[in-house]
Amino acid sequence: MTLRVLAVAFSLSLLAACAGSDSVSNRLPPGFVSNAAEIVAGADWAAPEEVRITIADHAFRPAEWVFHRDRATRLVLVNATESDHGLKARAFFTDIAVESVRGGGQVLKGPWIESLAIPAGETKELWFVPARFGSYSFECSAVGHPSLGERGVIDVVR
Ligand SMILES: [Cu+2]
């Protein structure tokens, strides 16, 4: 019995360790928006459109996100759980220009992002401009979480 409890505790700690970290880059990853820095510089950051998402009970709420192309956007991700989560959305990240990632007292400047972590109990903000139209899927980057329901879709519209 004790061994079983230990095994469960160990696997939970592995899950927590796999949510990843923030990876913001100023070197162009292949396929990403090449003029992202210009797009960021040309956008109006005084009043970005705010989209607020809460992670709770193994779900992103809401699970369908709609953004407007070429609009300065502030995506607020609230982790209302006691475990780490992350946003895995490679195709979406490829198509956006990132102003910054904010949270935990830090501001990481873009203009490209490859992964985004949302640690337990924290709030992360992704300030960005959708640079291309598209429909994308996203899921939690923590192992096992997508199959529990932590997934959704993103639409970038006019
Ligand atoms: Cu998760």
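Student: What share of the chain's 158 residues is buried?
Tutor: Buried residues make up 34% of them. Keep in mind that this is a predicted model.

Student: OK, and what's the average pLDDT?
Tutor: The chain averages 91, and 89% of the residues score at least 70.

Student: Where does pLDDT stay under 50?
Tutor: Over residues 8–17. For that stretch the model has 5 contacts beyond four places in sequence.

Student: How many helices and strands are there?
Tutor: There are 4 helices and 12 strands in the chain.

Student: Back to burial. How many residues does the largest nonpolar core have, and which have the most contacts inside it?
Tutor: That core has 34 residues, and the ones with the most contacts inside it are Ala-36, Ile-96, Ala-97, Val-98 and Val-129. Among the elements that give two or more residues to this core are helix 2 (36–42), helix 3 (90–94), strand 7 (96–103) and strand 10 (123–130).

Student: Which strand gives the largest share?
Tutor: Strand 9, with 5 residues.

Student: Let's zoom in on Val-129. What does Val-129 touch, leaving out residues up to four places away?
Tutor: Val-129 touches Ile-39, Val-40 and Ala-43, then Asp-70, Arg-71, Ala-72 and Thr-73, and also Ile-96 and Ala-97. Two of these, Ile-96 and Ala-97, are also on the list of residues with the most contacts inside the core.

Student: How much of the contact map is long-range? Say, residues 24 or more positions apart?
Tutor: Such pairs account for 75% of the contacts with a separation of 6 or more.

Student: Changing topic: what's the strand order in the sheet that holds strand 10?
Tutor: The order is 3-2-5-10-7-8, an open sheet of 6 strands with mixed pairing.

Student: Which strands stand at the edges there?
Tutor: Strand 3 (59–61) and strand 8 do. Each has a single partner strand, so one side of each is left without a neighbour in the sheet. On average, neighbouring strands of this sheet are turned by 20° against each other, direction ignored.

Student: How do strand 7 and strand 10 run, and how many bridges join them?
Tutor: They run antiparallel, joined by 6 bridges. One pair to look at is Arg-102, whose bridge partner in strand 10 is Glu-125.

Student: And strand 7 with strand 8, how many bridges?
Tutor: 4 bridges, in the antiparallel sense, with strand 8 covering residues 106–109. Ser-100 has Lys-109 as its bridge partner in strand 8. Strand 7 and strand 8 form a hairpin with 2 residues between them, and Gly-104 in the turn has a positive phi of about 60°.

Student: What about the sheet with strand 9, what order does that have?
Tutor: It's an open sheet of 6 strands too, ordered 1-9-6-11-12-4, and the pairing is mixed. Strand 1 (23–25) and strand 4 (64–68) stand at the edges, each with a single partner strand, so one side of each has no neighbour in the sheet. The twist averages 25° from one strand to the next.

Student: How many bridges join strand 6 to strand 9?
Tutor: 3 bridges, and the two strands run antiparallel; strand 6 spans residues 85–88. His-85 has Ile-118 as its bridge partner in strand 9.

Student: Now the backbone oddities. Which residues does the peptide bond with omega near -10° join?
Tutor: That one goes from Arg-61 to Pro-62 and is cis. Pro-62 is in the loop between strand 3 and strand 4. There's also a cis peptide bond joining Gly-110 and Pro-111, with omega about 10°. Pro-111 lies in the loop between strand 8 and strand 9.

Student: What's the phi of Asp-57?
Tutor: Positive, about 50°, although Asp-57 is not a glycine. His-58 also has a positive phi, near 55°. Asp-57 is found in the loop between strand 2 (49–56) and strand 3, and His-58 is placed in the loop between strand 2 and strand 3.

Student: Why does Asp-57 count as exposed?
Tutor: Because Asp-57 has 11 C-beta neighbours inside 10 Å, and the exposed class takes 12 or fewer. His-58 has 16, so His-58 counts as partly exposed.

Student: Last one: is Gly-42 buried or exposed?
Tutor: Exposed, with 12 C-beta neighbours inside 10 Å. Gly-42 is found in helix 2, and its C-alpha is separated by 9.7 Å from that of Ala-72, 30 residues apart along the chain.

Methods. Residues are numbered from 1 along each chain as its sequence is written. This is a predicted model: local features need pLDDT of at least 70, side-chain atom pairs count only at pLDDT 80 or more; totals for chains, interfaces and linings use all residues. A nonpolar core is a set of buried Ala, Val, Leu, Ile, Met, Phe, Trp, Tyr and Cys residues joined through C-beta atoms within 7 Å. A residue is buried if 20 or more other C-beta atoms lie within 10 Å of its own, exposed if 12 or fewer, and partly exposed in between; C-beta atoms are placed from the backbone. Two residues are in contact if their C-beta atoms, placed from the backbone, lie within 7 Å. Two strands pair if DSSP finds at least two bridges between them. Axes are lines fitted to C-alpha atoms, for helices over the stretch in contact, and angles run from 0 to 180 degrees between N-to-C directions. pLDDT is the predictor's confidence in each residue, from 0 to 100.
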